[in-house]
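Thanks for making time this morning. I would like to walk you through one protein model, starting from a small detail and then stepping back to the whole before we return to particular places.

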Amino acid sequence: MRPNLFQLVLLLVLPFYSQSQDQSKFTSLTLPKELTESANAVVRQDDILIDITSYNRFVHTNTRIVTVLNKKGDDDIGAVFFYDENTNIKSLEVRIYNSLGKEINKFKKKDFEDQSAVSNGTLYADNRVKYLRYTPIAYPYTVKIESVVEYRSTAFLPGWRPLEGFYVSTEEAEYKIQNSSGVELKVKTTNFEPFGIEKLSNFHFKASHLQALKPEAYSPNFYVYAPRLKAALIDFDMEGVRGVNYDWKTFGQWYNDKLLFDTQVLPETVKAEIKSLTETASTELEKAKIVYEYVQKKTRYISVQVGIGGWKPMYAEDVDRLGYGDCKGLTNYTKALLNEVGVTSYHTLIYGSDELQNFDSEFSAVQGNHMILTIPHEDDYIWLECTSQTAPFGYNANFTDDRDALVVTPEGGKIVHTRKYLDEDNLQTTKSKVDLSNDGTVHANVLIRSFGSQYGEHYFLETSTKRDQELYYKKRYWSYLNSLRIDKTQFENDKDSIMFLEQIDLSLSNYGMQAGKDILINPNLFNRYSNVPPKYKERNLPFEVERGFVDEDETEIHLGDDLVVEGLFNDFELKSKYGWYRISVSENDEGNILYRRTFKLNKGAYTKEEYQEFRDFLVEVSKQDNAKIILKNKS
């Protein structure tokens, strides 16, 4: 039967009508309420297709539509594209829609800003970035981005983040890999089931209606609980260097053989110098310390991101000649020097951050953002941060501690856990002698000794300016002390025992609260806990104390002649699985007040149901830290 005219019109118009309807679905503001809750932006659609055609080539095609609800969501558009000589942005188009779904702007590839992708502290780099500079005229608005990018290197296959971060929800998203390369592809997914993410095939996944997550106090790394996919080829290319990646052993061996093998040649004069400096050292550990201090005095850190993806270190002779390098270059230089004096050491790839982040021991692929050096010692390891000019030998707290890392040996790679600082290792002791005059003036001498991770929070003071030291004490450390004046500071940095000593002479005026003839004072002048986490009507995320610590404080207060003790509070002790707290206050035979305090916070990971109990513990600590005693003025 031949179609009539009406049927012909439908056949011609219906495809365009359906396409228009589908587009308006995402560009209008008909959003489910649950997707706007706690969201600054909503990813309406994010379709990713990765087409791998060879061990050294893939094409990334993406259609992405994002509705921005407020100014804080502007950064979630995703109109940023990094490229280099191995990355070709083949097509790029952006359309902007207003709240009614009407197109109001259109941008082509040529309309994007183009600049070097060099961050502060980077000497030079060969990466560039294209980004859209767009200032919205009203909120909400919607952005549609269509892009096709060709990569001639496969070491960094894009993974998938169905939830992209805090305060961003996802309406619909798909991720698909087509692999016609003949090379085995491996994929790992985590946290997909709790978010209802569908597996359409081995390499095709779909996510729908994922609500935005809000950060919560003490919550662990986002991807401990958020969904994530990682992908890697067994046989890959890193900017012209072919690699193999069956497991961490083969990946590490490739890294050692292909990227490190020719980088550790030193000038003969430097070889002679380092051997002379270490000739009287009786142990390998002594030699290693001498080499480490030699590198600290001779070099400085500066980021260098050129060459093979920023993964191949600078040559050791270049670092020696120039006096600088990035983490890879300085680590490699230190290893080259240790080689000359017969000390075994290994390059180590790691995630460097205050927040704990592990290498995935079950999924070998390009991971990490930092490199350190590892020295095997007895049955353990010593970890060297080669970018620091001030860190003690073997100190790695707060940046590379307590996490899985990849140690690269000639026999291959292996996952090793870096040093974990125990709660007792992170000790801080504070001893103070205080003179409290009749008029409320305080003169005090305070001695603070810091160890472990707490050492790392204090030792920077040694090289700070006088002004920065005063600002630290007045605005940060003792911000609760009004009218504080720093009269004198003296520091001792014992790098052998890794202990930092602060000796501070200070003054306060009008300390205490007048209540008739009584004066209320807090005997805990110098270490009050105020970091009480917020209260949540409903906690959604688990929580973790990544580093525990122990604080021990002792304060002796000498009272002016007209002041006498009227009332002291009772000793107090609180024990919990989250820590331990104890305070006591007494009056000695000379009429002086002696205040003692111990506070231990335990490292640990906990469920969201335990949060309220944890918070109650810290609330009580803060409350007791502000306990008052009563003095009376006899005059």
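**A hairpin, then the wider picture**

Let me begin with Phe236, whose bridge partner in strand 16 is Gly243. That pair belongs to strand 15 (residues 235-238) and strand 16 (residues 241-244), which run antiparallel and are joined by four bridges; strands count as paired here if DSSP finds at least two bridges between them. The hairpin they make has two residues between the strands, and Glu239 takes a positive phi near 50° there.

Before going further, I should say that this is a predicted model, in which local features need pLDDT of at least 70 and side-chain atom pairs count only at pLDDT 80 or more, while totals for chains, interfaces and linings use all residues. Residues are numbered from 1 along each chain as its sequence is written, and side-chain values use heavy atoms, with hydrogens and water left out.

Stepping back, the protein has ten helices and 38 strands, where helices (H or I, at least four residues) and strands (E, at least two) are DSSP runs numbered from the N terminus. Its C-alpha atoms fill a box of roughly 115 × 70 × 40 Å along the principal axes. Of the 635 residues, 49% are buried, and the terms I will use are buried for under 20% relative accessible area, exposed for over 50%, and partly exposed in between, with a 1.4 Å probe and protein chains only. If we take the contacts with a separation of 6 or more, 71% of them are between residues 24 or more positions apart, a contact being heavy atoms within 4.5 Å.

**A three-stranded sheet**

Now to an open sheet of three strands, which come in the order 3-8-6 with antiparallel pairing. At its edges are strand 3 (80-83) and strand 6 (113-116), each of which pairs on one side only. On average, neighbouring strands of this sheet are turned by 20° against each other, direction ignored; the axes behind that angle are lines fitted to C-alpha atoms, for helices over the stretch in contact, and angles run from 0 to 180 degrees between N-to-C directions. Strand 3 pairs with strand 8 (residues 128-131) over four bridges, in the antiparallel sense, and within that pairing Tyr83 has Arg128 of strand 8 as its bridge partner.

Following the chain out of strand 8, we come to the loop that leads to strand 9 (141-151), and Pro140 is found in it. A cis peptide bond joins Tyr139 and Pro140, with omega about -5°.

**Helix 7 and the cores**

What do the ends of helix 7 (residues 327-340) tell us about its span? Its 14 residues should span 20 Å at 1.5 Å a residue, and the end C-alpha atoms are 20 Å apart, which agrees; the expected span is 1.5 Å times one less than the number of residues. Twelve of those 14 residues are buried, among them Cys327, Tyr333 and Leu337. Just after the helix, Gly342 takes a positive phi of about 80°.

Two of these helix residues come up again in the largest nonpolar core, which has 81 residues: Tyr333 and Leu337 are among those that touch the most other members, as are Trp478 and Phe526. By a nonpolar core I mean a set of buried Ala, Val, Leu, Ile, Met, Phe, Trp, Tyr and Cys residues joined through side-chain atoms within 4.5 Å. Apart from that core lies another, of 44 residues, including Val183, Phe192, Phe222 and Trp311.

**Three single residues**

Is Ile52 buried or exposed? Ile52, which lies in strand 1 (residues 41-54), is buried, with a relative accessible area of 0%. Beyond four places in sequence, its contacts include Arg57, Phe58, Leu157 and Leu233.

Most residues other than glycine have a negative phi, and with that in mind I would point to two more places. Glu378, in the loop between strand 21 (370-377) and strand 22 (380-384), has a positive phi of about 55° and is exposed, with a relative accessible area of 75%. Ser483, in the loop between helix 9 (466-477) and strand 27 (485-494), also has a positive phi of about 55°, and Ser483 is partly exposed at 40% relative accessible area.
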